[in-house]
Amino acid sequence: MKNDKKLNELLTSWENTYKKGQLTLWIFMSLQESKKYVDEIKNFIEKKSNGTINCEEQSLYRALRKYEHINVLTHELKEGNKGPDRKYYYLTKLGEELFNQFVNRNIKLFYSNEIKQILKLN
Amino acid sequence: MKTITKHLLSFALIAIIATIAFRYFLSYGIENQSTIIVTTSAIIYGISMFLAGWVFGKKDGEYLPIFDLGFRFHLTTYLTHNGISLLWILLGFGSKYEKLEWTVMVAVYWGFFLFLHFIYYLWARKNSIDNLDKEDLFE
């Protein structure tokens with residue numbers, strides 16, 4: 001029982017550190033799939049990460065503002081169901097290239113047979 | 001220019017109003033040789049500029065992590081204060097005891113410190129991409 005508690009605390013602590021820097025990847029993944037507005041990005045992240053990535057609206061808006069500023073994503077306005085037009089975000093060419101290179105360098109290495117065996121994914 | 005944000009413009013507007021008010025009371029105080037009016041107006045002006053810079057600077061940083069936020073606010077303060085002060089004297093609103101040279105000297109000495117800040121700004125620019133701090137770009 002004591003060990004379970006400790007394991008849980010350690011896991012939470014590790015996950016909190018691990019999740020720092022993850023939001024960008026999840027935003028890019030959601031936009032790689034299709035153009036989305038903020039609520040759709042938020043839902044994508046929460047659903048696909050099984051709720052492990054907390055995605056507060058304020059953080060999401062700030063991140064989107066930054067990525068638009070550095071021109072890795074942009075938006076187009078489309079009519080929403082009700083109210084004002086929605087901003088549909090999508091990756092620019094620079095954003096797509098950045099995402100592809102990031103995935104090649106940091107994600108694909110997890111899919112080598114050797115690493116998959118170590119991770120017991122086979 | 002993307003680094004001229006709405007928060008910086010709001011700060012500039014408050015700085016213009018505060019500087020005009022300060023100039024008025026300063027000249028009035030000098031004209032009437034009142035140390036209390038001169039000192040009080042300078043303290044209130046200093047505090048109000050500091051608070052405006054702090055509030056709008058904080059909001060600006062939260063909006064976008066623009067590198068060396070301080071220089072943009074410093075430059076705005078310098079231009080506002082010295083621009084209004086020079087105009088104030090040149091247009092004849094100053095007291096009879098005020099001399100143009102004093103205002104020019106304030107601009108020159110302050111300009112030297114602004115220049116040093118500018119050097120630091122250029123150095124800090126190396127750690128930015130499109131004017132955003134590299135360290136605070138991705139999350």
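Select helix 1 (residues 6-31) and helix 2 (residues 35-63) of chain B in this predicted model. The two helices pack with their axes 9 Å apart, at an angle of about 175°. Because angles over 145 degrees count as roughly antiparallel, helix 1 of chain B is roughly antiparallel to helix 2 of chain B. Colour the residues of this contact by character: 17 are nonpolar, 6 are polar and 2 are charged.

Remain on helix 1 of chain B and select Ile30(B), which lies in that helix. Is Ile30(B) buried, exposed or partly exposed? Ile30(B) has 17 C-beta neighbours inside 10 Å and therefore counts as partly exposed; the class of buried residues begins at 20 such neighbours, and that of exposed residues ends at 12. Next, add Tyr97(B) to the selection and draw a distance between the two C-alpha atoms. Ile30(B) and Tyr97(B) are separated by 67 residues in sequence, yet their C-alpha atoms are 7.0 Å apart in space.

Now display the whole of chain B. The chain contains 4 helices and 2 strands. Followed from the N terminus, its elements appear in the order α-α-α-α-β-β. Along the principal axes, the C-alpha atoms of chain B fill a box of roughly 60 × 25 × 25 Å. Of the 139 residues in chain B, 24% are buried.

Turn next to chain A and select residues 29-99. For this span, UniProt records the feature "domain: Transcription regulator PadR N-terminal", in an unreviewed entry. The span is 51% helix and 17% strand. Mark the C-alpha atoms at its two ends: they lie 8 Å apart.

Within chain A, select helix 4, residues 57-69. How does the span of this helix compare with the expected one? At 1.5 Å a residue, its 13 residues should span 18 Å, and the end C-alpha atoms are indeed 18 Å apart, so the two values agree.

Show the side chains of Ala63(A), Lys66(A) and Tyr67(A), which are buried residues of helix 4 of chain A. They are on the same side of the helix, because they cover an arc of only 95° around its axis. Finally, rotate the view to the other side of helix 4 of chain A, where Glu57(A), Gln58(A) and Tyr61(A) are exposed. Colouring the two groups separately sets the buried residues Ala63(A), Lys66(A) and Tyr67(A) against the exposed residues Glu57(A), Gln58(A) and Tyr61(A).

Note on methods. Residues numbered from 1 in each chain as written. Chains lettered and ligands numbered in written order. Predicted model: local features only at pLDDT ≥ 70, side-chain atom pairs only at ≥ 80, totals over all residues. UniProt positions renumbered as here; feature names shortened; annotations may be inferred. Axes fitted to C-alpha atoms, helices over the stretch in contact; angles between N-to-C directions. Parallel < 35°, antiparallel > 145°, perpendicular 65-115°, else oblique. Nonpolar A, V, L, I, M, F, W, Y, C, P; charged D, E, K, R; others polar. Expected span 1.5 Å × (residues − 1). Arc of directions from axis to C-beta.
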